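Welcome! Here is a friendly tour for anyone meeting this structure for the first time. Take a moment to look it over, and then we can walk through it together.

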Amino acid sequence: MPGAASRGGRPAGHCEGSSQAAFGGLPVAGLLVLQICWQYGGSYAESVGQGTSCRQATEGNLPAVIQRNDFTLMVYLPFLHTSSFPVPKEDWLMSQVYRKDILNSTCLMNNLSHSQSKLKHNVARQIFVEHNHKFIYCEVPKVGCSNWKKIILLLTMNLSRKANEVQQNLIHRTPLIKRLSSYPSDYQKELLTSYTKVMFTRDPLERLVSAYRDKLLHSEPYYSITVANEMKAMFRKNKNSTEKVTFQEFVNFILSKNQEHLDIHWKPMFLLCDPCNIHYDILGKFETLEQDSDHVLRNIGAPEDLQYPNFKTHSSEKRTNDDITLEYLRKLSSEQIEKIKKLYQMDFALFNYPYDLKMNFYKTDTV
């Protein structure tokens, strides 16, 4: 394709085969050993499905060469990126196979799959059950969960209303939305076997920055006062300082805690939903939220006019994106970056977020 540039001394369009890969120190296997090269809009990019660095594609259907040990295949990979265009059902189904293969292989290689007689209570508390459509949703904060709770409430009550008409504060208090933890363990197993199970993920670094902006920079009393005061007491000489908690202090506070005991808004996603032991039928991503949500709603038989709402709690602010994430991450030291990488390494690997790619852009000048 004309206009392609080369990177790292490699000719444009060049791919090298590989039989093994590692990610963030974690072994991966199977479909993960895919090497993808694409050219688009005069740019060149390369990727190992879950291994070395890669540059994410821009919008549009991207021609790609996939190489494994025994075959080379030209395909289109519209599911590897975000796009404003509708994704054909066949491509969306392929994306689900791809996501599940990566997840399952990484679970296996890291011994995260365990036979257990009873679901952990903290995991069961994250899971919401909607019986009318046999729908199970695992809540991952900062990945559009408030809007999903609005949908669950409407489905539960059989209300013909738009999800963005539901009051934000209502969904966090209403007893009408049932958690899986409210049922006996035997019934929990039955529901997990027979209902459509869904979880959504988000780039771990972007989710972290989103949590900081939402919880520490706004006036929600518990976080902006109670949690903030705990952070100030840990890192400031003047514990009564009225200045807002900095992003560096926020990160240091998180790094000082055991990951099992972290607040759900910044706890690793795999610990919230246990995807290595709960086999989710649909793995959605914040990066493809519109397409994935539409497929979820059609899959469970929701009313045709019910759509995932484009609603943001703090509507006057720009949604946390790559640029905003970069702005905050540049405030961290190299040591903090490495520790954050370790904390969220399983999220990067299980859900196929290319850490090495992102960190190429998030290099810091501090030590």
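## The cavities inside

Let us begin with empty space: the largest cavity holds about 80 Å³. The model is a predicted one, and the count of cavities of 30 Å³ or more comes to two. Rolling a probe the size of a water molecule over the atoms is what shows where empty space is left.

Which residues line the largest cavity? They are R99, I102, L103, T201, L283, G284, K285, L350, F351 and N352. Two elements, α1 and β11 (282-285), each give two or more residues to this lining. By character, the lining residues split into five nonpolar, three polar and two charged.

## The chain as a whole

Stepping back, the protein chain contains 14 helices and 11 strands. The chain has 367 residues, and 52% of them count as buried. Among contacts with a separation of 6 or more, 68% are between residues 24 or more positions apart.

## Aromatic pairs

Now to the rings. A pair of aromatic rings is described by the distance of the centres and the angle of the planes. How many aromatic pairs does a search of the whole structure find? The search finds 13.

One of these pairs is F135 with W148, which is tilted, with 5.9 Å from centre to centre and 55° between the planes. F135 belongs to strand β8 (residues 135-138) and W148 to helix α3 (residues 145-157), so this pair ties together parts that are 13 residues apart in sequence. Are these two rings' residues buried or exposed? F135 is buried, because its relative accessible area of 1% is under 20%. W148 also counts as buried, with a relative accessibility of 0%.

Another pair joins Y212 and Y328. The ring centres of Y212 and Y328 are 5.6 Å apart and the planes meet at 65°, so the pair is edge-to-face. Here helix α6 (residues 204-216) supplies Y212 and helix α11 (residues 322-329) supplies Y328, so the parts tied together are 116 residues apart in sequence. Y212 counts as buried at 5% relative accessibility, and Y328 counts as buried at 10%. Both residues also take part in a cluster linked by ring pairs, made up of Y212, Y222, Y223, F247, F250, W266 and Y328.

## Charges over rings

Some rings have a charged side chain over them. The charged end of R202 sits over the ring of F286, at 3.9 Å from the ring centre. K285 lies over the face of Y353, and the distance to the ring centre is 4.3 Å. You have met K285 already, as one of the residues lining the largest cavity.

## Two lysines to compare

Let us finish with K197 and K118. K197 is found in strand β10 (residues 196-201), and K197 is buried, with a relative accessible area of 6%. What is K197 in contact with, leaving aside its neighbours within four places in sequence? The contacts are I136, L192, I278, H279, Y280, D281 and I282.

K118, by contrast, lies in the loop between α1 (89-109) and α2 (121-124). K118 counts as exposed because its relative accessible area of 57% is over 50%. The C-alpha atom of K118 is separated by 8.3 Å from that of D186, although the two residues are 68 residues apart along the chain.

Technical notes
Residues are numbered from 1 along each chain as its sequence is written. This is a predicted model: local features need pLDDT of at least 70, side-chain atom pairs count only at pLDDT 80 or more; totals for chains, interfaces and linings use all residues. Side-chain values use heavy atoms; hydrogens and water are left out. Helices (H or I, at least four residues) and strands (E, at least two) are DSSP runs, numbered from the N terminus. Buried means under 20% relative accessible area, exposed over 50%, partly exposed in between (1.4 Å probe, protein chains only). On a 1 Å grid over the protein atoms alone, a cavity is a set of points where a 1.4 Å probe fits but cannot get out, and a pocket is an open set with protein on both sides within 12 Å along at least five of seven lines; lining residues have an atom within 4 Å of a point. Grid points are joined across faces, edges and corners, and a volume is the space filled by probe spheres set on the points. Ala, Val, Leu, Ile, Met, Phe, Trp, Tyr, Cys and Pro count as nonpolar, Asp, Glu, Lys and Arg as charged, and the others, Gly among them, as polar. Rings of Phe, Tyr and Trp (its six-membered ring) pair if their centres lie within 6.5 Å; planes under 30 degrees apart count as stacked, over 60 as edge-to-face and the rest as tilted. A charge sits over a ring if NZ of Lys or CZ of Arg is within 6 Å of the ring centre and within 35 degrees of the ring normal. Contact means heavy atoms within 4.5 Å.
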